[in-house]
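Biologist: I'd love a close look at one small part of this model. Could you start there and then walk me through what surrounds it in the fold?

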Amino acid sequence: MVQQVTSGIKISVVTNFEGSFYKNYKMQYAFGYTVTIENQSKDSVQLYARHWEILDALNNVETVIGEGVVGKKPVLKPGESHTYTSGCLLTSPFGAMQGHYNMVNFTTTRKLQVTIPTFKLSATFAIN
């Protein structure tokens, strides 16, 4: 598990290898990740967008930008958390993800960029 706190918002990530398969004559490696977003601040916040950079061992980088997370734009009061699971495909058995969430603080109306710590993706069969 990796964790990081930015402006009172704690991000925790756990990953797992789901398996491999061929798609369009290329080997694909499937990874899942579970993210917990915990509001440790004194103000209510809302996550409204995400920005991911997905890297594989072959130097391929995919950028994903979009609204919310898995179709939701969670509002978190102080002490509340939101957990979701998602996944990605890589063309190599190793990689990493990093990024940030765009959030708004309802008390100050200030926009926040909350860092998602870099986390590694490793196929279990390739771990030494």
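Biologist: Which does asparagine 59 count as, buried or exposed?

Modeller: Asparagine 59 counts as exposed, because its relative accessibility is 71%. (Buried means under 20% relative accessible area, exposed over 50%, and partly exposed in between, with a 1.4 Å probe and protein chains only.) Before we go on, two bits of housekeeping. This is a predicted model, so local features need pLDDT of at least 70 and side-chain atom pairs count only at pLDDT 80 or more, while totals for chains, interfaces and linings use all residues. Residues are numbered from 1 along each chain as its sequence is written, and side-chain values use heavy atoms, with hydrogens and water left out.

Back to our residue. Asparagine 59 sits in the loop between strand E4 (45–56) and strand E5 (61–67). (Strands, E, are DSSP runs of at least two residues, helices, H or I, are runs of at least four, and both are numbered from the N terminus.) The phi of asparagine 59 is near 70°, a positive value in a residue that isn't glycine. Asparagine 24 has a positive phi too, near 55°. You'll find asparagine 24 in the loop between strand E2 (9–23) and strand E3 (26–39), and it counts as exposed because its relative accessibility is 65%.

Now follow strand E4 away from that loop, and you come to tryptophan 52 in E4. Tryptophan 52 counts as buried, because its relative accessibility is 2%. What does it do with its ring? A search of the whole structure turns up five aromatic pairs. (Rings of Phe, Tyr and Trp, the last by its six-membered ring, pair if their centres lie within 6.5 Å; planes under 30 degrees apart count as stacked, over 60 as edge-to-face, and the rest as tilted.) One of them joins tyrosine 33 and phenylalanine 119: their centres are 5.7 Å apart and their planes at 50°, so the pair is tilted. Tyrosine 33 is in strand E3 and phenylalanine 119 in strand E9, so this pair ties together parts 86 residues apart in sequence. Both tyrosine 33 and phenylalanine 119 are buried.

Tryptophan 52 pairs with phenylalanine 119 as well, this time edge-to-face, at 5.8 Å centre to centre and 85° between the planes. Here the partners lie in strands E4 and E9, so the pair ties together parts 67 residues apart in sequence. Phenylalanine 119 has a relative accessible area of 2%. Put Tyr33, Trp52, Tyr101 and Phe119 together and you have one aromatic cluster.

Tyr101 leads us on to the core. The largest nonpolar core has 25 residues, and Ile11, Ile37, Tyr101 and Met103 touch the most other members. (A nonpolar core is a set of buried Ala, Val, Leu, Ile, Met, Phe, Trp, Tyr and Cys residues joined through side-chain atoms within 4.5 Å.) E2, E3, E4, strand E7 (81–90), strand E8 (94–105) and strand E9 (111–122) each supply at least two residues of this core. Isoleucine 37 touches residues including Ile11, Leu47, Leu76, Tyr84, Tyr101 and Met103, leaving out those up to four places away in sequence. (Contact means heavy atoms within 4.5 Å.)

Alanine 96, in strand E8, shows how E8 gets its neighbours. It counts as buried, because its relative accessibility is 15%. Among the residues alanine 96 touches are Glu53, Leu55, Phe119 and Lys120. The C-alpha atoms of alanine 96 and lysine 120 are separated by 4.2 Å, though they sit 24 residues apart along the chain.

What about the sheet? An open sheet of four strands runs in the order E1-E2-E3-E7, with antiparallel pairing. (Two strands pair if DSSP finds at least two bridges between them.) Its edge strands are strand E1 (2–6) and E7, each pairing on one side only. Five bridges join E1 to E2; in E2, lysine 10 is the bridge partner of valine 5.
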